[in-house]
Amino acid sequence: MSDADGRVRAAILISGAGSNMTALIEAARRPESAYSVALVVSNNPDAGGLALAAAQGVETIAIDHRPFGKDRTAHEAAVQVELERRRVEVVALAGYMRLLTPWLVSRWEGRMLNIHPSLLPLYPGLDTHSRAIAAGDAEAGCTVHLVTEGVDEGPILDQARVPILPDDTPASLAQRVLAAEHGLYPKALDAFCARIRSL
Ligand code: GRF
């Protein structure tokens, strides 16, 4: 079920600063946006992104994973309840630092996106920028992909490329890639939602 104005209802899952989340929320304000942001969920109650989202008038909820101990599925079930309660149709992971179980992934098959700071299939996992520099790559970038059970393995929806400069450090490259992420993710989510809306 979409919003009354026909927009796809998206939720954003975060764990930290939420700069991609902010880019997604800002882009959703455009009258022609194919999605609205119905909810921001964080597994980390101290995530900086929670206050940023609230300041933008977006509903936020923190569901701390720690009380659930090793029971990842129980934590995910608590998240799922909130997503269903808001009639969420698409989930965008944006710096969500939890590995998902097949339980949640299967519930959102074809409807959950992630942004990863490398040109997948290169460098899944962590430390992408130092690995790209160490490999002597000429360029780096970011990828928006559908979430499947394998980490950073799902079908690629879109990518943005940036050069790797001779004096780059992992930190300077991360900054350049993050700026590219902020352009890519809203564009990719919008195109994805426009597509599913027309189905
Ligand atoms: C981004 O680099 C994203 O690609 C990765 O985690 C980082 C999150 O940054 N998955 P932010 O919280 O969006 O600022």
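This passage walks through the ligand site, the empty spaces and two backbone oddities of a predicted model.

The ligand comes first. Its shell is made up of Ala 17, Gly 18, Ser 19, Asn 20, Gly 95, Ile 115, Pro 117, Leu 178 and Glu 181. Sorted by class, that shell comes out as four nonpolar residues, four polar ones and one charged one. Two helices, α1 (19–28) and α6 (170–197), each chip in at least two residues of the shell.

Some of these neighbours can be pinned down atom by atom. Ser 19 uses its side chain: an N or O atom there is 2.5 Å from an oxygen atom of the ligand. Gly 18 works through its backbone instead, with a polar atom 2.9 Å from a ligand oxygen. On the nitrogen side of things, a nitrogen atom of the ligand lies 3.2 Å from a backbone N or O atom of Ile 115. How much of the ligand does the protein bury? On its own the ligand exposes 370 Å², and the protein buries 80% of that.

Now for the space that the ligand takes up, which turns out to be the largest pocket. This pocket holds about 850 Å³ of space. A total of 34 residues line the pocket, and Gly 95, Tyr 96, Met 97, Asn 114 and Ile 115 are the ones nearest its centre. Four elements give two or more residues each to this lining: α1, β5 (112–116), α5 (128–134) and α6. The top contributor is α6, with four residues. As for the chemistry of the lining, 16 residues are nonpolar, 13 are polar and five are charged. Two names from the ligand's shell, Gly 95 and Ile 115, thus turn up again among the residues nearest the pocket's centre.

What about closed-off holes? Rolling a probe the size of a water molecule over the atoms shows where empty space is left. Searching the whole structure turns up one cavity of 30 Å³ or more. The volume of the largest cavity is about 40 Å³. Its lining consists of Arg 72, His 75, Glu 76, Tyr 96, Arg 98, Leu 99 and Leu 100. Three of those lining residues count as nonpolar, one as polar and three as charged. Tyr 96 is a name worth spotting here, since this residue lines the largest cavity and also belongs to the group nearest the centre of the largest pocket.

Finally, a look at the backbone. Most residues other than glycine have a negative phi, and most peptide bonds are trans. Two spots in this model go the other way. The peptide bond between Leu 120 and Pro 121 is cis, with omega at about 10°. Pro 121 is found in the loop that runs between β5 and α5. Arg 87, which isn't a glycine, has a positive phi near 55°. Arg 87 is also a loop residue, placed between α3 (72–85) and β4 (90–93).

Conventions:
Residues are numbered from 1 along each chain as its sequence is written. This is a predicted model: local features need pLDDT of at least 70, side-chain atom pairs count only at pLDDT 80 or more; totals for chains, interfaces and linings use all residues. Side-chain values use heavy atoms; hydrogens and water are left out. A residue is near a molecule or strand if one of its heavy atoms lies within 4 Å of it. A polar contact is a pair of N or O atoms within 3.5 Å; within protein, one must be able to donate a hydrogen and the other to accept it, and residues adjacent in sequence count only if both atoms are side-chain atoms. Accessible areas come from the Shrake-Rupley method with a 1.4 Å probe; for residues, only the protein chains shown count as cover. On a 1 Å grid over the protein atoms alone, a cavity is a set of points where a 1.4 Å probe fits but cannot get out, and a pocket is an open set with protein on both sides within 12 Å along at least five of seven lines; lining residues have an atom within 4 Å of a point. A molecule sits in a cavity or pocket if more than half of its atoms lie within 2 Å of its grid points. Ala, Val, Leu, Ile, Met, Phe, Trp, Tyr, Cys and Pro count as nonpolar, Asp, Glu, Lys and Arg as charged, and the others, Gly among them, as polar. Grid points are joined across faces, edges and corners, and a volume is the space filled by probe spheres set on the points.
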